[in-house]
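Here's a quick briefing on ring contacts and one pocket. Have the model open as you go through the points.

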Amino acid sequence: MQKPSMEEIAEWKVIYEKYRPYLSANRRTVSEALEYLVDRYPVREVTDPKLRTLIGAVLMQNKYYAQKLGEAEPRPRLFVLENDGGAARLYRDRAQEYEGSPIFIGTEETSGYLSVEGCDQLADEMTAFLGLDEQDLDNFFLVASYIRSLRRLDLPLPGEELR
């Protein structure tokens, strides 16, 4: 992942300042997110211990989620979206750079970590579904990412329904 530019950081801060006053904690759990996924798409859990360990290592390298994990031992899980049913549209319409690759969802319940690889639309869908917790509301990058996801999905933006 490349380091963000000063312009990107400035843009995130502008979005944060505009929308933060209208936001309140609305974060759902990883379990709720997995229920949502299973209800909408064919999902299969990957049980390969090496891949699950990789998800745990990625989580521990992310200082934000590692802090949320605290002293608890990470319990990573990895899922793949099958290219079938409702997920076929996601596979068909995703960016060309992902062509030929599976769509993966990595999770860890205690920290609330959820990551989607291989499909920006599903990443936005899950960001919008999960929402933000109290700690996330103080993070300008996470607030900007949440607002960006709502925009991309053409969902109502906080504070704008009042106008």
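Applying the usual ring-pairing rule, the count comes to four aromatic pairs. Keep in mind that this is a predicted model. Two of the pairs get a closer look below, followed by charges over rings and then the pocket.

**The W12–F141 pair**
- The ring centres of W12 and F141 sit 4.9 Å apart with their planes at 70°, and since planes over 60 degrees apart count as edge-to-face, so does this pair.
- W12 belongs to helix α1 (residues 6-19) and F141 to helix α7 (residues 140-152), so the contact ties together parts that are 129 residues apart in sequence.
- W12 has 18% relative accessibility, so W12 counts as buried, because the cut-off for buried is under 20%.
- F141 comes in at 32% relative accessibility and therefore counts as partly exposed.

**Y65, Y113 and their cluster**
- Y65 and Y113 make an edge-to-face pair too, at 5.3 Å centre to centre and 80° between the planes.
- Y65 is in helix α4 (residues 63-69) while Y113 is in strand β4 (residues 113-117), so this pair ties together parts that are 48 residues apart in sequence.
- Buried or exposed? Both Y65 and Y113 are buried.
- Y64 comes into the picture as well: ring pairs link Y64, Y65 and Y113 into a cluster.

**Charges over rings**
- K13 lies over the face of F140, at 5.1 Å from the ring centre.
- R28 does the same kind of thing with F129, lying over the ring face at 4.2 Å from the centre.

**The second largest pocket**
- The volume of the second largest pocket is about 190 Å³.
- Its lining is made up of L51, L54, I55, V58, L78, F104, I105, G106, Y113, S115 and E117.
- Y113 therefore turns up twice in this briefing: in the ring cluster with Y64 and Y65, and in the lining of the second largest pocket.
- Which elements give two or more residues to that lining? They are α3 (49-61), β3 (103-108) and β4.
- Helix α3 provides the largest share of the lining, with four residues.
- By type, the lining residues of the second largest pocket split into eight nonpolar, two polar and one charged.

Key:
Residues numbered from 1 in each chain as written. Predicted model: local features only at pLDDT ≥ 70, side-chain atom pairs only at ≥ 80, totals over all residues. Heavy atoms only, no water. Phe/Tyr/Trp six-rings, centres within 6.5 Å; stacked < 30°, edge-to-face > 60°. Buried < 20%, exposed > 50% of the residue type's maximum accessible area, 1.4 Å probe, protein only. Lys NZ or Arg CZ within 6 Å of the ring centre and 35° of its normal. 1 Å grid on protein atoms, 1.4 Å probe; cavity = no way out; pocket = protein on both sides within 12 Å on 5 of 7 lines; lining within 4 Å. Points joined across faces, edges and corners; volume = space filled by probe spheres on them. Nonpolar A, V, L, I, M, F, W, Y, C, P; charged D, E, K, R; others polar.
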